[in-house]
Amino acid sequence: MTGKSLADYQKEYERIIFFDQPQKDILLAGLMTEMEKQFKLPVRSKEWKKENQKIIAMYRKICITRTL
């Protein structure tokens with residue numbers, strides 16, 4: 001499996017946001033899960049977040065968009 005770039009996740013996010021609820025929430029949750037696996041997002045690590053600000057910003061953007 002080849003990893004997606006952050007730009008790929010942005011494009012996928014932009015495609016998903018036009019779906020109706022609850023399909024949008026389901027797809028966004030899947031996108032978040034993909035990011036967690038690919039970027040190995042830690043539960044709590046200030047150092048990781050500081051070093052990967054663009055990744056965590058995209059992840060939070062997806063999270064905020066969800067309604068669940």
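Start with the crossing of helix 1 and helix 4, which is left-handed. You are looking at a predicted model, so keep that in mind as you click along. Select residues 6-16 for helix 1 and residues 53-65 for helix 4. Their axes sit 11 Å apart, and the two helices pack at an angle of about 15°. Angles under 35 degrees count as roughly parallel, so helix 1 is roughly parallel to helix 4.

Now show side chains on both. From helix 1, bring up Leu-6, Tyr-9, Gln-10 and Tyr-13; what they meet in helix 4 is Lys-54, Ile-55, Met-58, Lys-61, Ile-62 and Thr-65. Colour this contact by class and you get 6 nonpolar, 2 polar and 2 charged residues.

**Stop at Lys-61**

Stay in helix 4 and pick Lys-61. Is Lys-61 buried, partly exposed or exposed? Its relative accessibility is 33%, so Lys-61 counts as partly exposed. Leaving aside residues up to four places away in sequence, Lys-61 touches Gln-10 and Tyr-13. Draw a distance between the C-alpha atoms of Lys-61 and Gln-10: the viewer should give 9.8 Å, for two residues that are 51 apart along the chain.

**The buried side of helix 1**

Go back to helix 1 and select Tyr-9, Tyr-13 and Ile-16, the buried residues of this helix. Look down the axis: these residues cover an arc of only 65° around it, which puts them on the same side of helix 1. What covers the buried residues of helix 1? The cover includes helix 2 and helix 4.

**Helix 1 against helix 2**

Add residues 23-39, which make up helix 2. The axes of helix 1 and helix 2 come within 10 Å and cross at roughly 170°. Helix 1 and helix 2 are therefore roughly antiparallel to each other.

For the contact, select Leu-6, Tyr-9, Glu-12, Tyr-13 and Ile-16 on the helix 1 side, then Lys-24, Leu-27, Leu-28, Leu-31, Glu-34, Met-35, Gln-38 and Phe-39 on the helix 2 side. By class, this contact of helix 1 with helix 2 divides into 9 nonpolar, 1 polar and 3 charged residues. Tyr-9 and Tyr-13 may look familiar: both are among the helix 1 residues that meet helix 4.

**Helix 2 against helix 4**

Hide helix 1 for a moment and keep helix 2 and helix 4 on screen. Their axes come within 9 Å and cross at roughly 160°. How do helix 2 and helix 4 run, parallel or antiparallel? The cut-off for roughly antiparallel is over 145 degrees, and helix 2 and helix 4 are therefore roughly antiparallel to each other. Helix 2 passes helix 4 in a left-handed crossing.

Here the helix 2 residues to select are Asp-25, Leu-28, Leu-31, Met-32, Met-35, Glu-36 and Phe-39, which meet Ile-55, Met-58, Tyr-59, Ile-62, Cys-63 and Thr-65 in helix 4. This time the class colouring shows 10 nonpolar, 1 polar and 2 charged residues. Bring helix 1 back and highlight Leu-28, Leu-31, Met-35 and Phe-39: they are also among the helix 2 residues that meet helix 1.

**Out to the loops**

Next, zoom in on the loop between helix 1 and helix 2, where you'll find Pro-22. Which kind of peptide bond joins Gln-21 and Pro-22? Check omega there: it is about -5°, and the bond is cis. Asp-20 is found in this loop between helix 1 and helix 2 too. At 60% relative accessibility, Asp-20 counts as exposed.

Then move to the loop between helix 2 and helix 3 (46-51) and click on Lys-40. Look at its backbone: Lys-40 has a positive phi of about 50° although it is not a glycine. With 64% relative accessibility, Lys-40 counts as exposed.

For a last step, draw a line from the C-alpha of Asp-20 to that of Lys-40. The pair are 20 residues apart along the chain, and their C-alpha atoms are separated by 29 Å.

How values were computed. Residues numbered from 1 in each chain as written. Predicted model: local features only at pLDDT ≥ 70, side-chain atom pairs only at ≥ 80, totals over all residues. Heavy atoms only, no water. Axes fitted to C-alpha atoms, helices over the stretch in contact; angles between N-to-C directions. Helix = DSSP H or I, 4+ residues; strand = E, 2+ residues; numbered from the N terminus. Parallel < 35°, antiparallel > 145°, perpendicular 65-115°, else oblique. Left-handed = near helix turned anticlockwise from the far one by under 90°. Contact = heavy atoms within 4.5 Å. Nonpolar A, V, L, I, M, F, W, Y, C, P; charged D, E, K, R; others polar. Buried < 20%, exposed > 50% of the residue type's maximum accessible area, 1.4 Å probe, protein only. Arc of directions from axis to C-beta.
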